[in-house]
Amino acid sequence: MEIALRKQKILAAVIENYIQSGEPIGSKALMNGEGLNVSSATIRNELADLTFKGFLVQPHTSAGRIPTELGYRYYVDNLMDAGEPDERVKRYIENRLESYCDAPERILKTAGKTLSELLGTAAVATTPPGEDARVHRIKFVQTGRYTSMLVLITSSGMVKSRLFRCDFAITPEMLNVFDRSLNEALAGRYLSSVNQPFAQTFAASFGELGLLMPDMLTAVMDACVEASGMNIYTEGTTRLLYQSDLNLVSARNVLEFLGDNSKCENLFKNVPDGTNIYIGRENTSPLLRHSSLISTRYTIENQPAGALALVGSIRTDYKKTVSILEFTAKTVSELISELVRKG
């Protein structure tokens, strides 16, 4: 539904004032603060029409107006210009993430914590879905005469390691054979295809030498299985209990949702690319019907990967949230992509 320019300005003013104050907004507040250059009577008429069309609601007869879910939706789709955070916030995000840029998981955990602190609500960060992940590199680190550590690096930058023990003394020459042969066979291979039939075929191709490989190949398969799953990191969930317009039942519902890995994985694995804003009943899960969910995907080597998201009350500062979320995702993309290239 399209609305006239003056109504758009009034609607934006009501929403932005309400986000900041939490109090219904009346014509007097708009006259004093927005420079609309129209009479109070005209503003009251426009507020009445926006209420009739479902964009605003009047909680009490003598009160001002507050946005409805439809009003918020029109605002984020048509009136909001998120832009970028100010330079101070950008530097803070970059410095925080660069301090933990030695592994993708640490980058993602720090991103979630930083988002929660800056925006005062619950944050979620996920590793990429494992179905499309491939083996990027296998490395070996000898840890003892009979033990070694296998390190798996995936195409999405995830790093998984497994210790394995052999009944014979492990030599550097043997690890070099394992390293060269495994990387030749596995580079670019889907994680899901590194299974028992693959291990048996691979070992058989080495004849008698293949008898030395079962423990090593078991470690490879275990690492691939772990890397195939989606890891979900949640931060700041207790902050939901202090959001004044998210009642206890709604906060408890969000906590229940975020505590259920299967529900979270199903949602964040299927969110579309780009930034998405779900307001109230637009959320598919009944547990989120009185909340807002704002998500975006970060990329790895320019390919869509995992998700970053904020979950909180419907009265959210959408402009600020989107700007900080998108800048954080951009920084995460750059740092993890750099790790993948180094790997």
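How many disulfides does a search of the whole structure find? The search returns 0 disulfides, a disulfide being a pair of cysteine sulfur atoms within 2.5 Å. The structure is a predicted model, in which local features need pLDDT of at least 70 and side-chain atom pairs count only at pLDDT 80 or more, whereas totals for chains, interfaces and linings use all residues. Residues are numbered from 1 along each chain as its sequence is written, and side-chain values use heavy atoms, with hydrogens and water left out.

The environment of several cysteines was examined by relative accessible area, with buried meaning under 20%, exposed over 50% and partly exposed in between (1.4 Å probe, protein chains only). Cys 101 has a relative accessibility of 29% and therefore counts as partly exposed. Cys 264, at 0%, counts as buried. Cys 166 is likewise assigned to the buried class, with a relative accessible area of 1%.

Cys 166 lies in the loop between S6 and H7; here helices (H or I, at least four residues) and strands (E, at least two) are DSSP runs, numbered from the N terminus. Contact is taken as heavy atoms within 4.5 Å. With neighbours within four places in sequence left aside, Cys 166 is in contact with Tyr 146 and Asp 215. Its C-alpha atom is separated by 22 Å from that of Arg 137, a residue 29 positions apart along the chain. Arg 165 belongs to strand S6 (residues 159–165) and is exposed, with a relative accessible area of 54%. The contacts of Arg 165, under the same exclusion of neighbours within four places, are Tyr 146, Thr 147 and Asp 215. Between the C-alpha atoms of Arg 165 and Arg 281, 116 residues apart along the chain, the separation is 53 Å.

Helix packing was described by axes, which are lines fitted to C-alpha atoms, for helices over the stretch in contact, with angles running from 0 to 180 degrees between N-to-C directions. For helix H7 (residues 172–186) and helix H9 (residues 214–228), the axes come within 13 Å and cross at roughly 45°. The two helices are therefore oblique to each other, given that angles under 35 degrees count as roughly parallel, over 145 as roughly antiparallel, 65 to 115 as roughly perpendicular and the rest as oblique. The crossing of H7 and H9 is right-handed; a crossing is right-handed if the near helix is turned clockwise from the far one by less than a right angle, and left-handed if anticlockwise. Phe 178, Leu 182 and Leu 186 of H7 form the contact with Met 216, Leu 217 and Val 220 of H9. By class, this contact comprises 6 nonpolar, no polar and no charged residues, where Ala, Val, Leu, Ile, Met, Phe, Trp, Tyr, Cys and Pro count as nonpolar, Asp, Glu, Lys and Arg as charged, and the others, Gly among them, as polar.

A second helix pair consists of H5 (residues 87–98) and H12 (residues 318–342), whose axes come within 10 Å and cross at roughly 35°. This crossing of H5 and H12 is also right-handed. On the H5 side, the participating residues are Val 89, Lys 90, Ile 93, Glu 94, Leu 97 and Glu 98, which meet Ile 324, Phe 327, Thr 328, Thr 331, Val 332 and Leu 335 in H12. The contact of H5 with H12 has 7 nonpolar, 2 polar and 3 charged residues.

Backbone geometry was considered in the loop between strand S9 (292–300) and strand S10 (303–312), where Glu 301 is found. Although not a glycine, Glu 301 has a positive phi of about 55°, and this residue is partly exposed, with a relative accessible area of 36%. Asn 302 is found in the loop between S9 and S10 as well. The phi of Asn 302 is near 70°, a positive value in a residue other than glycine, and Asn 302 is exposed at 69% relative accessible area.

Two glycines were also characterised. Gly 306, placed in strand S10, is buried, with a relative accessible area of 0%. Beyond its neighbours within four places in sequence, Gly 306 is in contact with Thr 126, Thr 127, Pro 128, Thr 296, Arg 297 and Tyr 298. Gly 71 is found in helix H4 (residues 69–79) and is buried, with a relative accessible area of 0%. Not counting residues up to four places away in sequence, Gly 71 touches Leu 11, Ile 15, Gly 54 and Phe 55. The C-alpha atoms of Gly 71 and Val 14, 57 residues apart along the chain, are 9.8 Å apart.
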